[in-house]
Amino acid sequence: MRFTPNSFKIPLIPSPAQTATNANSYTITAKGSGTNIDTTATGSATWTIGKKAVTVTANNQTIIFGSDIVTGVNNATLTNAVAGHKLSNVTLVAEALTVGTHTITASNAKIADSANNDVTENYEITYVSGELTVNSSEL
């Protein structure tokens with residue numbers, strides 16, 4: 001017996017039935033039957049969408065002694081994210097605010113898609129510190 005595209009059709013039925021876009025494991029089931037054969041073939045496979053590696057870097061800053069660093073998403077950089085995804089929150093903390101050079105640490109980043117849905121769980125985040133320069137307030 002010879003199989004032709006019209007005699008054997010395999011519909012793919014994802015389980016759970018949804019569009020797979022988030023990092024997770026999914027199972028797809030295939031069931032095939034045809035008018036020219038007496039058996040039905042079934043099978044399933046699991047595939048995983050892994051987390052995408054991204055980097056959140058605290059931007060370098062220079063301040064005058066007695067001032068605080070500027071915080072918020074505009075003072076950190078997200079790299080390697082999916083197009084349209086952006087930082088929606090990030091914590092920036094200065095190691096010290098004394099005159100000299102110090103570290104700014106980024107943590108607790110949240111990433112949102114273009115509809116502002118939280119998609120942080122789809123990412124493996126690496127944090128990179130920024131440099132803080134604190135200058136003397138003396139003239």
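This report describes confidence, strands and selected residues in a predicted model.

The chain has a mean pLDDT of 85, and 77% of its residues reach 70 or more. Over residues 1-10 the pLDDT is below 50. Beyond near neighbours in sequence, that stretch makes 18 contacts in the model.

Strand β5 covers residues 61-64. Gln61 and Ile63 form its covered face, while Thr62 and Ile64 form the uncovered one. Strand β10, residues 130-135, pairs with β5 in the parallel sense, over 4 bridges. Ile64, on the uncovered face of β5, has Asn135 in β10 as its bridge partner.

Thr27 belongs to strand β2, which spans residues 24-32. Its relative accessible area is 28%, so Thr27 counts as partly exposed. Thr27 and Ser44 are 17 residues apart along the chain, and their C-alpha atoms are separated by 6.8 Å.

Most residues other than glycine have a negative phi. Two asparagines in loops have positive values, Asn80 and Asn116. Asn80 sits in the loop between β6 (76-79) and β7 (86-94). The loop that holds Asn116 runs between β8 (100-112) and β9 (123-128). The table lists their values.

| Residue | Phi | Relative accessible area |
|---|---|---|
| Asn80 | near 75° | 48% (partly exposed) |
| Asn116 | near 65° | 56% (exposed) |

Why does Asn116 count as exposed? The cut-off for exposed is over 50%, and Asn116 counts as exposed because its relative accessibility is 56%. Asn80, at 48%, is partly exposed.

Terms used: Residues numbered from 1 in each chain as written. Predicted model: local features only at pLDDT ≥ 70, side-chain atom pairs only at ≥ 80, totals over all residues. Heavy atoms only, no water. pLDDT = per-residue confidence, 0-100. Contact = heavy atoms within 4.5 Å. Helix = DSSP H or I, 4+ residues; strand = E, 2+ residues; numbered from the N terminus. Buried < 20%, exposed > 50% of the residue type's maximum accessible area, 1.4 Å probe, protein only. Pairing = 2+ DSSP bridges.
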